[in-house]
Amino acid sequence: MDSIKAKIVEKLEHFPETTLQEVLDFVDFLEYRKVNNQETYLSTASNDTREKSDVEWLDTDLSNLGSYESYDWQPGELEEGLPVKYVPGEGVVIVRE
């Protein structure tokens, strides 16, 4: 066993069962991401319309997202299957091609 794996196994020996479940969940996530070759792009945007700012936004720390008020979408504001993006000063808008 290489040294990194040995260090991980050694540290795991000291964790309680509940923490080991969290570690397993994280390892499962990493495995899923690797197997599915998951990308961090908007799922509704085509490869041609992806913008660098969209990818950067998705990669940001969203841990304080709960501190913002939720937005109440009104009927007709969202059309199913259309990509959206954030426009500074305007908010979230539907991307029309």
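Which residues gather in a patch of negative charge on the surface? They're E22, D25, D28 and E31.

**View 1. The negative patch, with D28 in helix α2**. This is a predicted model, where local features need pLDDT (the predictor's confidence in each residue, from 0 to 100) of at least 70 and side-chain atom pairs count only at pLDDT 80 or more, while totals for chains, interfaces and linings use all residues. Residues are numbered from 1 along each chain as its sequence is written, and side-chain values use heavy atoms, with hydrogens and water left out. D28 sits in helix α2 (residues 17–35). D28 counts as partly exposed because its relative accessibility is 38% (buried is under 20%, exposed over 50%, partly exposed in between; 1.4 Å probe, protein chains only). Patch members have over 30% relative accessible area and no salt bridge, with like charges joined within 9 Å and nonpolar side chains (Val, Leu, Ile, Met, Phe, Trp, Tyr) within 5 Å. A salt bridge puts a side-chain nitrogen of Lys or Arg within 4 Å of a carboxyl oxygen of Asp or Glu.

**View 2. A nonpolar patch that includes Y68**. W57, L58, L62, L65 and Y68 make up this surface patch, together offering about 500 Å² of accessible area (Shrake-Rupley method, 1.4 Å probe). Y68 is in the loop between α3 and β1 (84–87), and at 54% relative accessibility Y68 counts as exposed.

**View 3. Helices α1 and α3, by confidence**. Among the elements, helix α1 (residues 3–12) has the highest mean pLDDT, 91, and helix α3 (residues 52–58) the lowest, 71. Helices are DSSP runs (H or I) of at least four residues, and strands (E) of at least two.

Key
Lys and Arg count as positive and Asp and Glu as negative; His and the chain ends are not counted. The place of a charge is taken as NZ of Lys, CZ of Arg, CG of Asp or CD of Glu.
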